[in-house]
Each structure stands twice: as structure tokens, then as C-alpha cells.
Amino acid sequence: MSAESQNKSVRPVHEYEFLIKRSFLIGVIVFYIYRWYSQIMPHQLDGFSMTKILYYPELHLYKFLELDNILIEHPVISIIYSVLLLLIPVILLFKPRNQIFSWAFIFINILYHTTHTASLTHSVHFWMPVILLSWIFLARKATTFDLVWEGMRYYICLIYTSAFLWKIINGAFFQWDFGEAVFKNNLTTYYFLYPDSLMSRIYGFFLENPSLLNLGSYLGFLVEGFFVIGFFTKKFDLLLALLLIILHHLLYLFVDTQFVEWYILILPFMTLNVWCQLNGRIPQLNAH
Amino acid sequence: MSPQKITYFKILRQQHPFLYKVCCCILFVYICLNIVRIELPPFFLFAMYSVPVENTDTQSVYEFKYNDGREWKTHEYWNHHKRMTFYYTIDFYTKSIDMDPPQAADGVKFKNWVKDNKILKAYANKVYATSDEIYSYPHWLKNNMEDILGEKISKYAVIKSQVGYKGRELEVISTDTIIHYPEMSDVRRESK
């Protein structure tokens, strides 16, 4: 296969490997600071009293090994755990190719996802993007990095396409008033507590016109389904990145579920031109 | 089928046979887990909000009032992660404490399924939240809310209201005090 045709299929981003890794790490560090502010770092969970594990195998293992007793309830270890969560990405920022810290980064992010899910008594996917993209640190060679980064892009397309397909399989797609039902389920607390706010006035308009909510939910489904196009062409990559942000922002406003960590998934959709421009503006991020 | 994805896999196989096998394995495991509907990080199931939701005009609302009756409100745009712990855990606590006897709401099916199997029963008791852990929730919530609010809480109440939509207006149908710390949590414990 010629190099030219190969480049059309796999973006040769290895030139910006350090820039990409550091951009991702800066995002992760910001998320951890936000979580510190939000009181959901391990040492801030006050040795939570109860867990909900349902059928999730990792949560069963977590509870069976009594990891919560060590990681959350111990006052000193829980602080060390929180500090490590922030410290490891900071070290990787300076040494993005360090294999020990790369593995530690992957492991501790999966562990933190488990810890947080257990303490929240609810299954959430907020930390999924960080776990997903953290695997890029295992790529050592330039060609491997290109292929892994490209694979991430396809996996994200698969995520949204499967989310769309699940709505058809499980039936939400065929419930006409799904948007209104979800809105009432999730936003009633806000509407009740802040009857005079600007957002409540906006929500009031939508409650009087529930068809708009239902239409909005269908548009959301279609945006998820639109990601299937990513399997066929890269022409719409920047549009997909924009849609990803708009989708999650609207989900926050109308479903009250903030997937702020998912914004990081726009990175694999960035074109070579974007990385080139960013490298020109902040060359320090790509320094070896 | 385009070419784009197929070409990617072709290149993968040619350039990096090991990574190609890893990707095939990941895809295989991902599809299998999707079929059996099990989530095992880093393999996630993206089926959230895929099941029909009952469109009802009656909804539940939780309120947290503390000390001299002040109400905790933190619905600012940037405070989603700060408030989610309370709203998710109070819902799970309410479901669990209302059971007779109080037990982790998520473990009921499993416990009924294992019945008298001693090993599985011991396992269930080990992994699912115990009644003591559920009873300790009001005290945990006090500590957690003190950290979030940055002030001491001597007493607090969690009130669950049933509210009904009349067009765009809301009216309160009923209210129930779920926790009245420190008094009522003990009373509920004794009454159960």
C-alpha cells in the first residue's frame, strides 16, 4: 500500500504525539480539580456508608476485596489516593512516555471510576472518556501511536452509534413523548426549587409545548446516529466534534446530566491542521 | 461499506499484527458484553436513556433543610457534580430503608435467588450494603453535607414531596420527612 493512500486512512499525528498527550492530560487535571471542588475525590467521600453494586463485576470485586475499607475509609490512605490521582497525570505531563506511570495512570483511573460509582449508588459513565483515552500512553512507536489514536476515533463513533442503536433495541426511540417524560423526571427538582429563575421560565415554555421537548429528544437520537458517518469519511470530523459538545450541553440543560468529562472525546476528531496550528501557538506542549 | 474502516483494519493488520489482534479481541469482547448486557470497565454499555420512561405528571422532589430551617440549593451550572451525590444516594437510601427489613435495594433479587445456599448467601451479605450501613447513612450525610456547605450542621431534615404538574405549574400533593437528623433516624431504626 502506498504511503499516500495510507495517510488518507490513518492520520499521521505522531509528530504531535506529545501535544496530544499533554492536551489530554491537562483536561484530566482540570477534571480532577473540578471533582476536588465538587467534593467527590476519595478523601472527601467521608468513608461513604453504603454502596450499590447491582450486577457490575468490578463493583463486586471491589466490595469482595473490601477495597473501600482501605481506600476510602482510611483517613490517611484516602488522602494519598486522592493526591496520586492528581500527581500521576502531572508526572506524565513532564514524561509522557514513561511506561510505569502510563500503566499507573490507566489502573488508577479505572479504580477511581469504580470507587466513585460505588459511592454514588448509581451507575454513571462520567469517567469513561478518561479511561478510554488513557490507553494511548501505551503506544511507543510513531506508527503505533497513529493507529491507536485512529482506533480511538472509531471507538468513539462506535460508542455514539451503539447508543443510538440501543434506543431502538430498548424502545426509547419508539416512545413519542420520551423527551417530555425524561424532562419531568430529571428537571422537576430544579423547577420546584427555583420557580422564578430564568431557566424555569424557559422550562415553563417547553412544558407548555412538550412537542418541542419530544422533537428535541429525537434530534438528540439522530445526532448520536449521525456518528455512524465517521466510519465512512473524515470530512465531517470537526462537525462531529462540535455536535458532541452541543449534544452534551443540551443534555445537561434538558436532562440535568452533566457529561463534562465527555468533551475530551473531541480530541481524536481534531484534524492535522488543528494540531499543526495549536503546535504553532503553544510549541512548549509538544516539546520532548 | 466504505472503505474507510476496512482500510483502517487492513493497515492495522499489515503494520501492526499484534495491535490488530488486540483490536479484534476488544471488538469481540465489546460485542459479547453488549449482547449479554454486562458492563465491565473499560468495556462500557452505552444504553443510558434507551428504555421507555413513564410520562407521569406526579414527580418526587427531595429537599435538604438544615439548622435553623435553611434550605440547601446548589443548582448553579457549575455545581452538578457537587449536588449529584446527595440526589443519587438519597434515592437509593429511601428505597432501601423502606424495605422490610431494611436492606440494599440492589441486592434483593440476588438474595432471593441464592435462597439457602450458604456460600452465596455469605457472599451476598459481604458485598451488598448491610442494614447497618444503610442505617448509618443519615450520619454520613451530615458529615458529607458539612464538608460541602463548609459549616457545622446540628440538625437537618430531608423532605420528600410528591408534586404534580398542572400545565406548567407545580402543586404539592404530599410531603414526607425521610430523615430528621438526629432524632428521626433513630426512631426509624427502632420501628423497623
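This is a short tour of a two-chain model, with a suggestion at each stop for what to select next.

**Start with confidence**

Before selecting anything, keep in mind that this is a predicted model. It scores ipTM 0.88 and pTM 0.90. Colour the chains by pLDDT and begin with chain A, where the mean is 92 and 97% of the residues reach 70 or more. Chain B averages 86, with 92% of its residues scoring at least 70.

Now select helix α1 of chain A, residues 3-9. Among the elements of chain A, this helix has the lowest mean pLDDT, 50, while α2(A) has the highest, 97. Over residues 1-7 of chain A the pLDDT stays under 50, and the model has six contacts beyond four places in sequence for that stretch. In chain B, select residues 186-192: pLDDT stays under 50 here too, and the model gives this stretch ten contacts beyond four places in sequence. Where pLDDT is low, the predicted coordinates should not be read in detail.

**Where the chains meet**

Next, show both chains together. In this interface, 98 residues of chain A are in contact with 80 residues of chain B. The area buried between chain A and chain B is about 8,300 Å², and carbon and sulfur atoms give 62% of that. On the chain A side, select Met50(A), Trp166(A) and Phe192(A): these residues lose the most area to chain B, together 9% of what that side buries.

How many salt bridges does the rule find across the interface of chain A and chain B? There are four. To look at a pair that joins the two chains, select Lys126(B) and Glu66(A), which form a salt bridge with their closest N and O atoms 2.7 Å apart.

**A link within chain A**

Over all chains, the structure holds 18 salt bridges. For one inside chain A, select Glu17(A) and Arg97(A), whose closest N and O atoms are 2.8 Å apart. This pair links distant parts of the chain, 80 residues apart: Glu17(A) sits in helix α2 (residues 17-37), and Arg97(A) in the loop between α5 (75-94) and α6 (99-120).

**Two helices that cross**

Stay in chain A and select α10 (residues 198-208) together with α11 (residues 210-226). The two helices pack at an angle of about 95 degrees, with their axes 4 Å apart, and are therefore roughly perpendicular to each other. Show the side chains of the contact: α10(A) brings Phe205(A), Phe206(A), Leu207(A) and Glu208(A), and α11(A) brings Pro210(A), Leu212(A) and Leu213(A). Of these residues, six are nonpolar, none is polar and one is charged.

**Two backbone details**

Which residue of the loop between α2 and α3 (57-64) of chain A is worth selecting here? Pick Asp46(A), which is placed in that loop. Asp46(A) has a positive phi of about 55 degrees although it is not a glycine.

For the last stop, move to chain B and select Tyr181(B) and Pro182(B). A cis peptide bond joins these two residues, with omega about 5 degrees. Pro182(B) lies in the loop between β4 (169-181) and α8 (183-191) of chain B.

Terms used: Residues are numbered from 1 along each chain as its sequence is written. Chains are lettered from A and ligands numbered from 1 in the order in which they are written. Side-chain values use heavy atoms; hydrogens and water are left out. Axes are lines fitted to C-alpha atoms, for helices over the stretch in contact, and angles run from 0 to 180 degrees between N-to-C directions. Angles under 35 degrees count as roughly parallel, over 145 as roughly antiparallel, 65 to 115 as roughly perpendicular and the rest as oblique. Contact means heavy atoms within 4.5 Å. Ala, Val, Leu, Ile, Met, Phe, Trp, Tyr, Cys and Pro count as nonpolar, Asp, Glu, Lys and Arg as charged, and the others, Gly among them, as polar. pLDDT is the predictor's confidence in each residue, from 0 to 100. Buried area is the accessible area (1.4 Å probe) that two parts lose on being put together, summed over both. A salt bridge is a side-chain nitrogen of Lys or Arg within 4 Å of a carboxyl oxygen of Asp or Glu.
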